[in-house]
Amino acid sequence: MKEKRDKVIRARVTSSELERIKKISDEKGIYVTDLILSSIDNKLLNSDRIEIMKFIEKQGNIFAKIENNINQIARTVNTEKNIHPQLLSYYNEQLKELVLLKDEQNKMFKKIYGFLAR
């Protein structure tokens, strides 16, 4: 059974601190109470869990798509023994997207490690 939250804590904060607290809770879609208690308990917020799972799912789908495209390009190059400039350009765009995704992935992993290191 979940314990009822029936106690109140008052804290003195500056106007700018209060605005920052409200902004973070609004961005994460959670109550200020949940934000503070999660911070105290070093818990990963549900909004962060959802963000991580969406990222992992998106990453998996995009990586599969890019891998498939790279395989098709490689098959074409191996068959024709050359590469058309448009195909090379498309290939380079796919690689750029892959680099951006890897950067995003690394940022997400740093965030995860930050939560785990607490």
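Select I40 to begin: in this predicted model, I40 has a relative accessibility of 58% and therefore counts as exposed, the threshold for that class being over 50%. The residue belongs to helix α2.

Next, extend the selection to V32, I36 and L37. Together with I40, these residues make a nonpolar surface patch of about 320 Å². Displaying the four side chains as a surface will show the patch.

Within this patch, centre the view on I36. Helix α2, which spans residues 32-41, contains I36. Is I36 buried, partly exposed or exposed? Its relative accessibility is 41%, so I36 counts as partly exposed; that class lies between the 20% and 50% limits. For a distance across the model, add V13 to the selection: the C-alpha atoms of V13 and I36 are 13 Å apart, and 23 residues separate the two along the chain.

Now move to S25, in helix α1, which covers residues 15-28. S25 has a relative accessible area of 3% and is therefore buried, the limit for that class being under 20%.

Which backbone atom does the side chain of S25 reach? Select K22 as well: its backbone oxygen lies 3.0 Å from the side chain of S25.

Finally, show the surroundings of S25. When neighbours within four places in sequence are left aside, S25 is in contact with I30, Y31, V32 and L35. One of these, V32, has already appeared on the tour, as a member of the nonpolar surface patch with I36, L37 and I40. Keeping V32 selected thus links the two stops: V32 contributes to that patch and is in contact with S25.

Notes
Residues are numbered from 1 along each chain as its sequence is written. This is a predicted model: local features need pLDDT of at least 70, side-chain atom pairs count only at pLDDT 80 or more; totals for chains, interfaces and linings use all residues. Side-chain values use heavy atoms; hydrogens and water are left out. Helices (H or I, at least four residues) and strands (E, at least two) are DSSP runs, numbered from the N terminus. Buried means under 20% relative accessible area, exposed over 50%, partly exposed in between (1.4 Å probe, protein chains only). Patches are made of residues with over 30% relative accessible area and no salt bridge: like charges are joined within 9 Å, nonpolar side chains (Val, Leu, Ile, Met, Phe, Trp, Tyr) within 5 Å. Accessible areas come from the Shrake-Rupley method with a 1.4 Å probe; for residues, only the protein chains shown count as cover. A polar contact is a pair of N or O atoms within 3.5 Å; within protein, one must be able to donate a hydrogen and the other to accept it, and residues adjacent in sequence count only if both atoms are side-chain atoms. Contact means heavy atoms within 4.5 Å.
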